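This report describes one protein model and a ligand placed with it. Look at the sequence and the structure first, then read on.

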Amino acid sequence: MSVRSRRGKRGPQDKNGAPEKSEPVLQKGHSHEKDLQRVQEVTTKRILLRVTFIVLTLGIVALLSGRGDQSGLTTFVKQDETVQKRILDVPCSKDYKKYEHFEGCTPRRCGRGVMDGLVTQNEAAQLLRIAKRGLALGGSNGGASILDLHSGALSKGDSFINLYQMMKSNKDRSVFSEDDFSLYRRVKNRIRSAIAEEFGIQQDRLHLTHPTFFSRMTTRAAKTVHDEYWHPHIDKETYGSFDYTSLLYLTDYSRDFTGGRFVFVDKEANSTVEPRTGRVSFFTSGSENLHFVEKVASGTRFAITVSFSCDPKHAIADPHLKS
Ligand SMILES: O=C(O)CCC(=O)C(=O)O
Ligand SMILES: [Fe+2]
């Protein structure tokens, strides 16, 4: 609105018809220029006030939404870096007190680690072929499918089938070879040694446990709770037997899929591990390592969850060719 148009308009009046004080008006005895100057000053002040208010409001909104992002995420390991070993010690949660203690195995030191050199690119590529071959025989209707080489559990539709039973009734033994199983065992043993060394425990007291499985995650909408991998969870509570969790990634974040980063939920700032082919991520399974996987936004993500227990009752045998 121009100064001129404001001048031409009468402001609010008191009961005598005199203008109220707050409105800039022409006063008798003032020169025309002075009146004009005053009206300009008041108008400028008002505009400045309004601009200041708008800027402050936008600033607060930006600050609040920005804080959400920042406290939201830091990166523990990026996809495009190669780490020989990155370890972060985290104080063990008090939960361990409520579980049975297994000397030489139950975590006394807790934390997380990532190693890129433990599994070769060739080994990861062969494991990916095994995962694809097995999962091709089933597959969830929703976005998450699993294949457990130990039990034979395989996602199919809205539930699971047993791949080994299916192979038996089809008299089909060609899906996996003894080489596949021996590679799986070798890689599992290497991961177990690395965990034992990092946490200062005895590897023969660390037992492979159920469930240990290949996973395939896609952008498909969830059809059952088994498809909802993005909820924050504590492995020790979700799976019961876990004391140490490890993950072996078979595809690359940002190349094979987007979204799908692994996220540790921490007080200060959440922290991500970006999947990279052959990358092993491991951590103690208590509430010091609350975590989730982001929803996959594009592409397909493959990984293996290899889990270990200190409790011999929860030990499972290595997978082998079923006869
Ligand atoms: O695949 C991952 O990165 C994590 C999966 C996971 O949290 C789990 O299997 O419990
Ligand atoms: Fe988990």
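## Ser281 and its surroundings

Ser281 counts as buried because 25 C-beta neighbours lie inside 10 Å of it, and a residue is called buried when there are 20 or more. The model is predicted, not determined by experiment. Ser281 belongs to strand 14, which covers residues 280-284.

Which residues does Ser281 contact, leaving aside its neighbours within four places in sequence? They are Val114, Ser246, Leu247, Phe262 and Val273. Ser281 can also be compared with Thr245: the two are 36 residues apart in sequence, and their C-alpha atoms are 8.4 Å apart in space.

## The chain as a whole

The protein chain has 323 residues, of which 32% count as buried. Its secondary structure consists of six helices and 17 strands. Among contacts with a separation of 6 or more, 77% are between residues 24 or more positions apart.

An unreviewed UniProt entry places the feature "domain: Fe2OG dioxygenase" at residues 208-312. In the model, this span is 5% helix and 40% strand. The C-alpha atoms at the ends of residues 208-312 lie 9 Å apart.

## Two covered strands

Strand 10 (residues 244-249) is largely enclosed by the rest of the structure, because six of its six residues are buried. In a regular strand, side chains alternate between the two faces of the sheet. On one side of strand 10 are Tyr244, Ser246 and Leu248, and on the other are Thr245, Leu247 and Tyr249; all are buried, and both faces are covered.

Strand 9 (residues 213-217) is mostly covered, with five of its five residues buried. Phe213, Ser215 and Met217 point one way from strand 9, while Phe214 and Arg216 point the other way.

The pairings of these strands are listed below.

| Strands | Sense | Bridges | One facing pair |
|---|---|---|---|
| Strand 10 and strand 14 | antiparallel | five bridges | Leu248 and Val280 |
| Strand 10 and strand 17 | antiparallel | six bridges | Thr245 and Ser307 |
| Strand 9 and strand 17 | antiparallel | five bridges | Ser215 and Ala303 |
| Strand 5 and strand 9 | antiparallel | four bridges | Ala144 and Met217 |

Strand 17 thus appears with two partners: strand 10 pairs with it over six bridges, and strand 9 pairs with it over five. Strand 10 also pairs with strand 14, the strand that holds Ser281. On its side, strand 9 pairs with strand 5, which covers residues 144-147.

## Around the ligand

Which residues are around ligand 1? They are Ser215, Asp235, Leu247, Phe262, His291, Val293, Ala303 and Thr305. By type, this shell divides into four nonpolar residues, three polar and one charged. Strand 15 (291-293) and strand 17 (301-309) each supply at least two residues of the shell.

Several of these names have appeared above. Leu247 and Phe262 are around ligand 1, and both are also in contact with Ser281. Leu247 is one of the buried residues of strand 10. Ser215 is among the residues around ligand 1, and Ser215 stands opposite Ala303 in strand 17. Ala303 is in turn one of the residues around the ligand.

Conventions
Residues are numbered from 1 along each chain as its sequence is written. Chains are lettered from A and ligands numbered from 1 in the order in which they are written. This is a predicted model: local features need pLDDT of at least 70, side-chain atom pairs count only at pLDDT 80 or more; totals for chains, interfaces and linings use all residues. A residue is near a molecule or strand if its C-beta atom, placed from the backbone, lies within 6 Å of it. Ala, Val, Leu, Ile, Met, Phe, Trp, Tyr, Cys and Pro count as nonpolar, Asp, Glu, Lys and Arg as charged, and the others, Gly among them, as polar. A residue is buried if 20 or more other C-beta atoms lie within 10 Å of its own, exposed if 12 or fewer, and partly exposed in between; C-beta atoms are placed from the backbone. Two residues are in contact if their C-beta atoms, placed from the backbone, lie within 7 Å. UniProt positions are given in the numbering used here, feature names are shortened, and annotations may be inferred rather than shown by experiment. Two strands pair if DSSP finds at least two bridges between them.
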